[in-house]
Amino acid sequence: MVTTVSAPGKVLIAGGYLVLDPAYTGLVLATNARFYTSISSFSLSGVSPQVRVRSPQFQQAEWIYDVHVTAMDRPENTAEAMTLVQKTDANPFVALALLYSLHVALEFHGVELALQKLQGGMDVVIAGDNDYYSHRIDGKAPTFEQLSALPPFSPHSSTLGDVHKTGLGSSAAMTTSLVAALLLHLEVAKLDTSSSESTITTESLVLIHNVAQLAHCAAQGKVGSGFDVSASVWGSQLYRRFDPALIKDVMRTETGHRICTPDQSRPALRSSLSLLPVLGSSNPLWIPVAPADSTPTAVEGLQSLLKSPQTSSSRPSPLLLPPGVRMCLADVDTGSNTRTLVGKVSDWRAKDRVWADQLYKIIAASNQSVADGLLHLHLMYAMNQSAYIDAVTTLATMPSSEWDAHCQANPNDTLQAFIQVRNSMRSVRAGMRELGTRSGAPVEPPEMTRLLDTTIQQAHGLIGGGVPGAGGYDALFLLFLDPTVFHTSSPAPSRAPAEVCAIWQAYTELSVGPLLCGADEPARRVTPSGNTASSSEAMMHVAHALAQAPAGLRVPSPASVRGLQPFIDLLA
């Protein structure tokens, strides 16, 4: 039996730096670039179980671990402590995903049954879509056509540590797909038998999310914001951070130090921490809670319309791009150290708290305005599809700098709603530039400002864009209008418009190339039955439609993923 799971990457389009504080939210879009993990078991009698993990796209990308389990008696119960013996070079993201997933399986099943499910060991193969890594052809940024011609999961002549990344959250997507595949393969996580598709139950998604957050934070050596793992599990959303103390307490224990090499003696294990009470889906402390002095956003308020005691802790507030609004991405291939950027901003905020708090509140208002504006567009579509489609079709024919004059000549609430989102995105960029100036961190460097301004001013139908996440030189995103989605039941994958690609190809200050991926989109959209609906009917329709958005984690048929089968054929 082969278990295959995929997880998407992420783009934080609003909320950089602020998402570290649960008082603020961030708007994160899951991408349709995905990581895939496939697992099979093999028999290996008479020795400790072994796990082999490979990433055949890279040189020297194989990690082998022996699993040692020690029974320990304690007065209150019997617990099993586990050690991984690392027989190859270190990869903390792989090692800690294995450690915590296997630890949870031992607790869930008990040691005897868990070892039976392991059989003799597991063979694991990991593959990431091409968009996670920079590609240059003859030293130049590739065109969209050249990228499209690359084989899926293209091999690299470098090691994983040396490859240039595009900032889509590869470590989080890889960790999440690996944790999910392990827990599914070991029958800790479950598939939803009531669904005709292979989907993971909500309860299991919560557990996968919590284990992946712990593994990813432990591998980084700090508790990050967590929005990247959350997007990999749940998909596009309005994100609010969980309490970092949940993970800090576990990371302080000896659990995270139970990885050694063959020439090291295995650590003396005096106790075995129980992870399920902390990471299980029943732990209410994982539910993000806004501080009492903050105001819940409209998106969070909309989700509360559908919540019940059974679903209140399920997932963060989903928020997809409205119909006809799509995202494209550029790889700048200059690179930035996110940790350094965050450190500079954090140091400045600690030194100048009063001014920092004022600026954070200004940026937070702009971030919330973007999220609320996108939600408003969903409502406008539900209330009057004809007017909405007309607005998208018209605005897509002109640069966004001309939208105001058109709206003045043709007053229209839907046109004005798009202009409001454009203005809010401009405000977010202005706030982030000010944050960079004050802190000394290149949040939106001048070179990226000039690139964004040139693109947005010259191309048609662009709502706005920015430098995602912590900023820097990795990438940029654009939101653009695409009226073709209303005229086909199966829209083409999101891609940068041709005139945008032409601007980037001619740009000389930076090496800019398109990525193939965009925002992850549902296979079909739920539309109201009538052309016009009351505001209350539209609100319930949008709430139901967003609630039905698929999670980020998928259990695909390998045959449905182009180029994946050769990787699965490598499994023992």
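A crossing of two helices is called right-handed if the near helix is turned clockwise from the far one by less than a right angle, and left-handed if the turn is anticlockwise. The model on display is predicted, and this tour proceeds through three helix pairs and one sheet.

**First stop: helix 5 and helix 6**

Select residues 202-220, which form helix 5, together with residues 227-234, which form helix 6. The two axes come within 10 Å and cross at roughly 150 degrees. Because angles over 145 degrees count as roughly antiparallel, helix 5 is roughly antiparallel to helix 6. The crossing of helix 5 past helix 6 is right-handed. To view the contact, display the side chains of Thr-202, Leu-205, Val-206, Ile-208, His-209, Ala-212, Gln-213 and His-216 in helix 5; they meet Asp-228, Val-229, Ser-230, Val-233 and Trp-234 in helix 6. By class, the residues of this contact comprise seven nonpolar, five polar and one charged.

**Second stop: helix 1 and helix 4**

Next, select residues 92-109 (helix 1) and residues 170-185 (helix 4). Their axes lie 9 Å apart and the packing angle is about 30 degrees. Helix 1 is therefore roughly parallel to helix 4. Here too the crossing is right-handed. On the helix 1 side, select Phe-93, Val-94, Ala-97, Leu-98, Ser-101 and Val-104. Their counterparts in helix 4 are Ser-171, Met-174, Thr-175, Leu-178, Val-179, Leu-182 and Leu-183. This contact has ten nonpolar residues, three polar residues and no charged ones.

**Third stop: helix 10 and helix 11**

Move to residues 338-351, helix 10, and residues 353-383, helix 11. Their axes are 5 Å apart, and the helices pack at an angle of about 120 degrees. The two are therefore oblique to each other. Helix 10 contributes Val-345, Trp-348, Arg-349, Ala-350 and Lys-351 to the contact, while helix 11 contributes Arg-353, Trp-355, Ala-356, Asp-357, Leu-359 and Tyr-360. These residues divide into seven nonpolar and four charged, with no polar ones.

**Fourth stop: the four-stranded sheet**

Now turn to an open sheet of four strands, arranged in the order 11-12-10-13 with antiparallel pairing. Strand 11 (462-466) and strand 13 (513-514) each have a single partner strand, so one side of each is left without a neighbour in the sheet. Between these edges, select strand 10 (residues 325-331) and strand 12 (residues 475-481), which run antiparallel and are joined by seven bridges. One pair to locate is Asp-331 with its bridge partner in strand 12, Ala-475.

**Fifth stop: helices on the sheet**

Add helix 14 (residues 413-439), which lies across strand 10, strand 11 and strand 12 and runs at about 20 degrees to strand 11. Helix 15 (residues 446-458) also packs on the sheet, where it touches strand 11 and strand 12. The direction of helix 15 makes about 20 degrees with that of strand 12.

**Final stop: an annotated region**

Finally, select residues 422-483, which an unreviewed UniProt entry annotates as "domain: GHMP kinase C-terminal". Over this range the chain is 50% helix and 19% strand. The end C-alpha atoms of residues 422-483 are 17 Å apart.

Note on methods. Residues are numbered from 1 along each chain as its sequence is written. This is a predicted model: local features need pLDDT of at least 70, side-chain atom pairs count only at pLDDT 80 or more; totals for chains, interfaces and linings use all residues. Side-chain values use heavy atoms; hydrogens and water are left out. Axes are lines fitted to C-alpha atoms, for helices over the stretch in contact, and angles run from 0 to 180 degrees between N-to-C directions. Angles under 35 degrees count as roughly parallel, over 145 as roughly antiparallel, 65 to 115 as roughly perpendicular and the rest as oblique. Contact means heavy atoms within 4.5 Å. Ala, Val, Leu, Ile, Met, Phe, Trp, Tyr, Cys and Pro count as nonpolar, Asp, Glu, Lys and Arg as charged, and the others, Gly among them, as polar. Two strands pair if DSSP finds at least two bridges between them. UniProt positions are given in the numbering used here, feature names are shortened, and annotations may be inferred rather than shown by experiment.
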